[in-house]
Amino acid sequence: MADARRSRREEKAPARPESSTSIPMPGGSLVGPACPQDPRPGRAGKESARRCGFIALIGAPNVGKSTLVNALVGSKVAIVSHKVQTTRSLLRGIATAGSAQLIFVDTPGIFAPRRRLDRAMVTSAWAGAADADVVGMMVEASRGVDAETGDVLDKLTAIRRPRILLINKIDLVEKTRLLEIARHANDRMEFAATFMVSALTGNGVPDVKSWLAEHVPEGPWHYPPDQITDAPLRQLAAEITREKLYLRLHQELPYQSMVETEQWRKLGDGSIRIEQTIYVERDSQRKIVLGKGGRSIKAIGADARREIADMIEAPVHLFLFVKVRERWSEDRDHYRAMGLEFPRE
Ligand code: GDP
Ligand code: MG
């Protein structure tokens with residue numbers, strides 16, 4: 001199980017006191033009928049009752065779900081890239097806010113699936129929402145409620161969980177536009193609260209946390225207080241390499257590539273030797289990953305090594321291999337490794 005620790009968590013202080021960006025929506029208070037029973041106890045003397053809840057972030061690809069999970073946790077647990085469909089399975093980022101433990105479920109984006117891997121990701125995203133205590137519906141400010149987001153909104157009606165609206169990337173648009181989007185979305189569907197955030201700058205993020213801290217159910221914490229994700233380190237390390245791969249090769253590389261950590265060995269001097277394999281589906285893709293004279297793979301390895309070493313706070317020797325495995329995205333075992341159900345067709 002996870003042992004990524006919260007050690008660096010306190011260093012990043014996303015709080016900006018002036019950034020109170022939750023707004024009451026027309027015709028209601030922040031707590032509306034979408035959150036039928038307000039679970040807040042009477043304030044006096046009950047402040048320390050423990051609370052714990054799962055909050056699934058859903059939305060179209062690229063709206064910033066993974067970035068927001070990282071901002072909420074205060075440490076990088078989910079990988080991010082401008083390439084769509086970076087997140088493949090449900091990853092949990094864990095944060096504390098006062099006496100509450102907030103478990104954020106980062107989901108793959110919801111879109112019209114074509115291939116098997118796409119279908120598995122979309123199914124997993126909806127499963128994450130159905131299991132959550134609160135669903136955070138994310139909309140990108142610069143796109144508003146476009147066709148893709150509208151589609152997610154329509155399907156969300158079937159999920160009978162309390163929901164909040166999170167308008168992200170507010171650093172990119174005018175304030176008037178934000179109010180328009182908030183109204184539009186709230187007209188289509190009832191939200192218990194609306195927040196405007198920038199996952200990138202941290203603006204508005206503390207408000208989301210404090211609201212959730214008061215609204216998740218009372219109950220014991222699921223994870224130890226210093227744990228920030230439920231993903232094992234091997235998997236996080238593989239995700240980091242996949243992120244570097246995407247960041248470097250986003251134009252050339254089709255998204256059918258995956259990374260597996262095959263070996264993780266602690267050496268006598270306290271350093272860690274890690275071997276990972278990057279699987280691609282065709283030899284032409286293998287050549288792209290390697291780059292001229294191995295230049296690309298070297299750069300990817302150097303970036304990944306640095307970040308993995310940072311995460312585990314130990315020196316790392318990272319060895320990357322590239323293998324062609326035709327049709328890996330049709331192979332049941334790989335789905336299990338990614339934490340996804342294998343769709344029947
Ligand atoms: P996901 O697919 O919904 O998980 O989206 P990601 O978290 O991977 O982010 C997609 C892209 O949007 C990345 O390039 C992020 O850096 C960028 N992004 C995320 N949040 C913000 C934000 O608040 N402002 C801006 N300007 N960019 C953001
Ligand atoms: Mg993502």
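**Exercise 1. Find which residues of helix α8 are buried, and what covers them.**

Solution. Step 1: list the buried positions, where buried means under 20% relative accessible area, exposed over 50%, and partly exposed in between (1.4 Å probe, protein chains only). In α8 these are Ser296, Ile297, Ile300, Gly301, Ala304, Ile308, Ala309, Met311 and Ile312. A word on the source: this is a predicted model, in which local features need pLDDT of at least 70, side-chain atom pairs count only at pLDDT 80 or more, and totals for chains, interfaces and linings use all residues. Residues are numbered from 1 along each chain as its sequence is written, chains are lettered from A and ligands numbered from 1 in the order in which they are written, and side-chain values use heavy atoms, with hydrogens and water left out.

Step 2: look for the cover. It includes helices α6 (233–249) and α7 (283–290), together with strands β7 (257–266), β8 (272–280) and β9 (316–324). Helices (H or I, at least four residues) and strands (E, at least two) are DSSP runs, numbered from the N terminus.

Step 3: check the geometry. The 18 residues of α8 (295–312) reach 26 Å from the first C-alpha to the last, close to the 26 Å expected at 1.5 Å a residue; the expected span is 1.5 Å times one less than the number of residues. Just after α8, Glu313 has a positive phi of about 55 degrees.

**Exercise 2. Work out which residues Thr241 contacts, and whether Thr241 is buried or exposed.**

Solution. Step 1: place the residue. Thr241 sits in helix α6 and is buried, because its relative accessibility is 0%.

Step 2: collect its contacts, meaning heavy atoms within 4.5 Å. Setting aside neighbours within four places in sequence, Thr241 is in contact with Val259, Gln276, Ile278, Ile300, Ala304, Ile308, Leu318 and Leu320. Ile300, Ala304 and Ile308 are also among the buried residues of α8.

Step 3: look for a polar partner. The side chains of Thr241 and Gln276 make a polar contact of 2.5 Å. A polar contact is a pair of N or O atoms within 3.5 Å; within protein, one must be able to donate a hydrogen and the other to accept it, and residues adjacent in sequence count only if both atoms are side-chain atoms.

**Exercise 3. Describe the surroundings of Met258 in strand β7.**

Solution. Step 1: Met258 counts as buried because its relative accessibility is 3%.

Step 2: beyond four places in sequence, Met258 is in contact with Arg88, Arg242, Thr277, Ile278, Tyr279, Trp328 and His334.

Step 3: for a C-alpha distance, take Glu281, which is 23 residues from Met258 along the chain and separated from it by 9.5 Å.

**Exercise 4. Characterise the shell around ligand 1.**

Solution. Step 1: count the residues. Ligand 1 is surrounded by 17, and the closest are Asn62, Gly64, Lys65, Thr67 and Asp171; a residue is near if one of its heavy atoms lies within 4 Å.

Step 2: sort them. The shell holds five nonpolar, nine polar and three charged residues. Here Ala, Val, Leu, Ile, Met, Phe, Trp, Tyr, Cys and Pro count as nonpolar, Asp, Glu, Lys and Arg as charged, and the others, Gly among them, as polar. Helix α1 (65–73) gives the most, with three residues.

Step 3: pick out the polar pairs to oxygen atoms of ligand 1. A backbone N or O atom of Gly64 lies at 2.9 Å, a side-chain N or O atom of Asn168 at 3.2 Å, and a backbone N or O atom of Leu200 at 3.2 Å. The protein covers 88% of the 580 Å² of accessible area that ligand 1 has on its own; such areas come from the Shrake-Rupley method with a 1.4 Å probe, and for residues only the protein chains shown count as cover.

**Exercise 5. Explain why Asn70 counts as buried, and find its polar partner.**

Solution. Step 1: Asn70 lies in helix α1 and is buried because its relative accessible area is 10%.

Step 2: a polar atom of the Asn70 side chain lies 2.7 Å from the backbone nitrogen of Val77.

Step 3: not counting residues up to four places away, Asn70 touches Ser75, Lys76, Val77, Ala78 and Val80.
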